[in-house]
Amino acid sequence: MGKIVLTGIKPTGQIHLGNYIGAIKPALKLAKNSDYQAAYFIADYHGLTKIHDRKEFRTLTYGVAATWLALGLDPEKVIFYRQSDVPEIFELNWILACFSPKGLMNRAHAYKGIVDSNKLAGKDIDDGVNMGLFTYPILMAADILAFQANMVPVGKDQIQHVEIARDIAESFNHQYGETFVLPEYIVDEDTSILPGLDGRKMSKSYHNTIPLFEEPAKLQKLINKIKTDSLPPEAPKDTERSILFTLYKEFASEDKIAQMRERYEKGIGWGEVKKELFHVMNRFLEEPRKKYNELMENPERIDAILEKGAEKARARTLPFLQKVRKQIGVSR
């Protein structure tokens with residue numbers, strides 16, 4: 001078996017174009033590489049730090065699974081599972097927590113970000129912080145280490161989480177001998193942070209996203225809302241600084257991209273670019289959208305796929321956790 005590559009997505013909102021371009025598209029590319037054993041999971045318990053509505057939580061969880069499947073992930077060729085179906089992760093989470101200094105958690109970006117904004121707002125520094133959010137990096141470490149993952153594809157803002165997993169693993173290994181594989185992060189340097197409708201980073205928290213499987217009429221409206229400058233149609237345009245071009249090249253063929261680049265240099269109206277962008281995006285997403293909607297209407301099909309995936313996942317995590325339990329003296 002080759003190296004293990006692990007990717008997870010948490011269900012905290014509708015999957016949008018930023019998720020697809022930044023995480024899903026590169027991960028699907030890795031799945032085609034036979035040198036790796038790829039594992040993909042729905043990080044549902046990570047979503048519980050924010051989502052406390054039962055119906056919304058279930059819908060978003062199924063939405064992540066349906067997205068992977070609709071975009072071509074083959075559950076027969078990879079390990080595809082729901083985090084909550086693998087209890088070993090949560091037992092390991094407690095074990096790792098006992099090797100995680102509080103100071104390390106204090107320095108985690110997500111927690112520090114909330115503390116900083118609370119200070120600016122004159123609130124208690126821990127306002128709005130639950131312990132799930134505070135210890136989030138430990139559960140992420142358990143996700144990675146339970147699978148003995150060698151590589152974890154992440155965005156630049158997630159590098160710290162892999163580094164924390166390494167720190168905790170090294171602390172355990174120092175005490176009990178070589179047990180955990182030390183994971184490496186993979187950052188796709190070609191993947192830029194995708195701007196949203198308003199030019200800021202595309203993020204659910206900014207309400208500037210384009211949902212991936214939006215219906216055609218709504219997709220057209222959202223594309224029309226994308227912020228552009230006031231250059232006249234005949235003026236040459238800069239492809240490097242254009243949100244529209246950044247999106248276009250993710251969905252168009254090489255020939256179409258070259259043609260669009262040329263039209264930018266010669267001068268093209270933003271309305272025309274938006275029309276062309278809608279055309280290539282909608283054509284690319286037509287089949288996946290149909291498959292996604294079919295799966296969301298039949299969640300039992302998703303459950304059946306994830307249950308099979310959990311069996312494959314536990315074939316790895318259960319024997320490994322037994323080894324860890326022996327190391328710490330819980331079992332013989």
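Glu184 counts as partly exposed, at 47% relative accessibility. In this predicted model, the side chain of Glu184 meets that of Arg166 in a salt bridge, with an N to O distance of 3.4 Å. Arg166 is itself partly exposed, at 24% relative accessibility. Arg166 belongs to helix H9, residues 159-176, and Glu184 to strand E5, residues 184-186, so the pair ties together parts that are 18 residues apart in sequence.

Let me place that pair in context. The structure holds 12 salt bridges, and I shall discuss two others individually. As general background, side chains of opposite charge can pair when their charged atoms come close.

The next pair is Glu88 with Arg314, whose closest N and O atoms are 2.5 Å apart. This salt bridge links distant parts of the chain, with Glu88 in helix H4, residues 87-97, and Arg314 in helix H14, residues 299-328; the two are 226 residues apart. Are these two partners buried or exposed? Glu88 has a relative accessible area of 4% and is therefore buried, the cut-off being under 20%. Arg314, by contrast, is partly exposed, with a relative accessible area of 32%.

The third pair is Arg263 and Glu276, whose side chains meet in a salt bridge at 3.8 Å, N to O. Here too the pair links distant parts of the chain: Arg263 sits in helix H12, residues 254-266, and Glu276 in helix H13, 13 residues apart. Arg263 is partly exposed, with a relative accessible area of 33%, while Glu276 is buried at 18%. Both residues also take part in a network of salt bridges, in which Arg263, Glu272, Lys275 and Glu276 are linked.

I return now to helix H4, the helix that carries Glu88. Which residues of H4 are buried? They are Glu88, Ile89, Leu92, Ile95 and Leu96. Viewed down the axis of H4, these buried residues fall within an arc of 120°, so they line one face of the helix. As for their partners, the buried residues of H4 pack against strand E3, residues 79-82, and against H8, H9 and H14. H14 is thus the helix that holds Arg314, the salt-bridge partner of Glu88.

Let me turn to the nonpolar cores. The largest has 57 residues, and the members that touch the most other members are Leu17, Tyr40, Trp68, Phe80 and Ile226. Helix H13, residues 270-297, gives the most to this core, with 9 residues. What does Leu17 contact, leaving aside its neighbours within four places in sequence? Leu17 is in contact with Leu194, Met202, Ile210, Leu212, Leu247, Phe251 and Met281. There is also a second, separate core of 45 residues, which includes Ile4, Phe41, Leu96 and Phe320. Leu96 in that second core is one of the buried residues of H4.

I close with a point of backbone geometry. Most residues other than glycine have a negative phi. Gln148, which is not a glycine, has a positive phi of about 55°. Where is Gln148 found? Gln148 is in the loop between helix H8, residues 136-146, and strand E4, residues 151-153. With a relative accessible area of 22%, Gln148 is partly exposed.

Terms used. Residues are numbered from 1 along each chain as its sequence is written. This is a predicted model: local features need pLDDT of at least 70, side-chain atom pairs count only at pLDDT 80 or more; totals for chains, interfaces and linings use all residues. Side-chain values use heavy atoms; hydrogens and water are left out. Helices (H or I, at least four residues) and strands (E, at least two) are DSSP runs, numbered from the N terminus. Buried means under 20% relative accessible area, exposed over 50%, partly exposed in between (1.4 Å probe, protein chains only). A nonpolar core is a set of buried Ala, Val, Leu, Ile, Met, Phe, Trp, Tyr and Cys residues joined through side-chain atoms within 4.5 Å. Contact means heavy atoms within 4.5 Å. A salt bridge is a side-chain nitrogen of Lys or Arg within 4 Å of a carboxyl oxygen of Asp or Glu. The arc is that of the directions from the helix axis to the C-beta atoms.
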